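Biologist: I would like to learn how to read a model like this one feature by feature. Could you take me through it slowly, giving the general idea and then the case at hand?

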Amino acid sequence: MNVEDTAIKTTYFSIIGNLCLAIIKGLAGFFGNSYALIADAIESTTDVFSSLLVLVGFKYAKRPADKNHPYGHGKIEPLITFLVVAFLVTSATIIAYESIQNIQTPHKTPKSWTLIVLGIIIIWKEILYRIVLKKSKQIHSTSLKADAWHHRSDAITSVMAFIGISIAVICGKGYETADDWAALLASGFILYNSYLILRPALGEVMDEQLYDDLIDEVRKKSVQVDGVLDTEKCFIRKAGMKFHIDLHAIVDGKITVKEGHDISHKLKDYLMAEIPNLEYVLIHIEPDNYE
């Protein structure tokens with residue numbers, strides 16, 4: 001299975017999980033008198049829509065290079081990440097606003113059984129987070145990483161809700177708004193996570209040099225090719241889940257143009273075969289210093 005298919009399969013997994021949780025949280029919050037759970041349901045609902053965006057992005061990124069997009073369509077992925085972050089910020093803002101409104105409005109103490117629901121949800125969301133994050137690292141996907149952090153932020157919201165409801169249930173009258181304060185605090189965590197997700201996606205769009213480990217690997221493998229004496233410049237940029245490399249290879253300055261051309265092709269083929277997720281490799285031949 002290639003990286004695009006892995007990403008799509010993982011995203012479907014996220015969508016189904018978030019949809020089920022949104023329904024469970026919404027019902028539990030409504031019947032259990034807990035706005036923190038309702039806020040949690042809002043978070044899961046936005047997760048469903050953001051995962052759908054991620055899915056659309058992956059399907060578009062799978063398109064092969066064409067005349068108008070010679071480097072492929074992978075740059076759609078960080079753009080989708082920006083939209084996912086917008087969903088996160090929007091949901092955090094809604095949760096914060098509604099929490100403040102509920103803090104100012106007297107309401108009933110949440111039902112104690114909502115704690116059981118939350119406990120199950122927290123465990124499940126943490127499992128989802130770890131599964132999706134692992135896949136995102138395997139295929140180098142920023143938007144899938146953003147989707148993973150959606151699960152983590154959802155788990156954080158649930159933990160805050162659990163703490164707030166526990167305080168309200170244990171302390172009783174006068175502490176009914178504890179879960180609303182918990183939801184307000186959770187919105188701050190969500191905003192912070194939004195920044196953590198946005199930063200690498202922005203770096204990807206700006207072709208920021210963030211891949212030192214990959215550069216080291218390219219350099220080490222390049223000198224294993226016959227005729228390559230050393231490497232000079234090496235620039236890497238990411239497009240979706242694939243990498244594009246510009247590499248200057250140093251060869252014997254006394255060889256013919258044809259021999260240098262053949263070495264560059266051997267080097268390109270070797271790197272493409274040895275290093276996963278390389279989409280494009282451009283080799284520039286540099287002669288070594290000679291008398």
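**Reading the helix end, the sheet and the pocket**

Modeller: Bear in mind that this is a predicted model, and let us begin where helix H6 ends, since it is followed by Asp-207, a residue whose phi is positive, near 55°.

Biologist: What span does H6 reach from its first C-alpha to its last, and what is expected at 1.5 Å a residue?

Modeller: H6 has 28 residues and reaches 42 Å between those two atoms, which is close to the expected 40 Å.

Biologist: In what order do the strands of the sheet come, and is the sheet open or closed?

Modeller: The sheet is open, with 3 strands in the order E1-E2-E3 and mixed pairing. Strand E1 (230-239) and strand E3 (278-287) each have a single partner strand, so these two stand at the edges and one side of each is left without a neighbour in the sheet. Averaged over neighbouring strands, and with direction ignored, the turn of one against the other is 15°.

Biologist: How do I read the mixed pairing strand by strand?

Modeller: Take each pair in turn: E1 and E2 are antiparallel over 8 bridges, whereas E2 (residues 242-251) and E3 run parallel and are joined by 9 bridges. For individual partners, Lys-238 has Phe-243 in E2 as its bridge partner, and Leu-247 stands opposite Ile-283 in E3. As a general idea to carry along, side chains in a regular strand alternate between the two faces of the sheet.

Biologist: Which residue takes a positive phi in the hairpin of E1 and E2?

Modeller: That residue is Gly-240, with phi near 70°, in a hairpin that has 2 residues between the strands. Turning to what packs on the sheet, helix H8 (residues 257-274) lies across E2 and E3, and its direction runs at about 150° to E3.

Biologist: What volume does the largest pocket have, and which residues are the closest to its centre?

Modeller: The volume of the largest pocket is about 390 Å³. It is lined by 16 residues, of which His-140, Thr-142, Lys-145, Tyr-211 and Lys-238 are the closest to the centre. Lys-238 is thus also the residue whose bridge partner in E2 is Phe-243.

Biologist: Which helices each supply at least two residues of that lining?

Modeller: They are H4 (114-139), H5 (142-171), H6 (178-205) and H7 (212-222). Sorted by class, the lining has 6 nonpolar, 4 polar and 6 charged residues.

Terms used:
Residues numbered from 1 in each chain as written. Predicted model: local features only at pLDDT ≥ 70, side-chain atom pairs only at ≥ 80, totals over all residues. Heavy atoms only, no water. 1 Å grid on protein atoms, 1.4 Å probe; cavity = no way out; pocket = protein on both sides within 12 Å on 5 of 7 lines; lining within 4 Å. Points joined across faces, edges and corners; volume = space filled by probe spheres on them. Helix = DSSP H or I, 4+ residues; strand = E, 2+ residues; numbered from the N terminus. Nonpolar A, V, L, I, M, F, W, Y, C, P; charged D, E, K, R; others polar. Pairing = 2+ DSSP bridges. Axes fitted to C-alpha atoms, helices over the stretch in contact; angles between N-to-C directions. Contact = heavy atoms within 4.5 Å. Expected span 1.5 Å × (residues − 1).
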